[in-house]
Amino acid sequence: MPVPSTTEPGRDCPRCDRLVAFRLHWRAKEPNWHNAPVPSFGSAAARLLIAGLAPGLQGANRTGRPFTGDWAGDLLYETLGDFGFATGSYDERPDDGLELVDCRITNAVRCVPPENKPVGSEIAACRPFLIRTIEEMEELRVILALGKIGHDSVVTALGEKPARYRFAHHAQHRIGKLILVDSYHCSRYNTNTGRLTTQMFRDVFQTIRSLLPA
């Protein structure tokens, strides 16, 4: 599949039939929601890129900004602020004034999938946009992958095989000039079940801050 000339899919991206149908269903049901591919948030000049899975239905799909409007955003943006990667106050709205510092956030899949579960063909269809996002970040040094799908898509986007770089929480992988750091996804399910604690997440960012001194 050819790499697109832009880093973001258009509002009516036709690449995935199932996601298009789901998007149109929610546009009709909630016409005031974003209901479109969610663009990356933050400057292309950042040294840190955070790669999530996909927009949440009532989170980024509703608000139009990654991790905005759901629990995952509460934990992520609080942690980013604590470690100097964000300024301002997160208020679950894209106009809350929050700004990222030396950090950018994107998703492996830009459109919301049914049940928050993209299929392999959808991840592959959206990967060219991830490739372009990475390529345009000339100062990029560290990528944080939230969850195995994000990890695998980043590794593949970097031209490597996931089997050579296995996902594990708080693992580090050197791929060319970049360091890929893994974390369990900061979803409500993972935090409610204790798979990911607030301290575990903070420990990951402590490592990232040591790799990227302020």
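**A guide to one cavity and one sheet**

Visitor: Which element gives the most to the lining of the largest cavity?
Guide: A cavity is a set of points, on a 1 Å grid over the protein atoms alone, where a 1.4 Å probe fits but can't get out, and lining residues have an atom within 4 Å of a point. Helices here are DSSP runs (H or I, at least four residues), and strands are E runs of at least two, numbered from the N terminus. Giving four residues, the top contributor is H4.

Visitor: What sort of model is this?
Guide: Residues are numbered from 1 along each chain as its sequence is written, and side-chain values use heavy atoms, leaving out hydrogens and water. Local features need pLDDT of at least 70, side-chain atom pairs count only at pLDDT 80 or more, and totals for chains, interfaces and linings use all residues, as the model is predicted.

Visitor: What is the volume of the largest cavity?
Guide: Grid points are joined across faces, edges and corners, and a volume is the space filled by probe spheres set on them. The lining has 14 residues, with Cys 13, Arg 15, Cys 16, Leu 19 and Cys 111 nearest the centre. The volume comes to about 110 Å³.

Visitor: What is the bridge partner of Phe 41 in S5?
Guide: S1 is an edge strand (41-42) of an open six-stranded sheet. Strands pair if DSSP finds at least two bridges between them, and two bridges join S1 to S5 (residues 103-107), running antiparallel. In S5, Phe 41's partner is Ile 105.

Note on methods: 1 Å grid on protein atoms, 1.4 Å probe; cavity = no way out; pocket = protein on both sides within 12 Å on 5 of 7 lines; lining within 4 Å.
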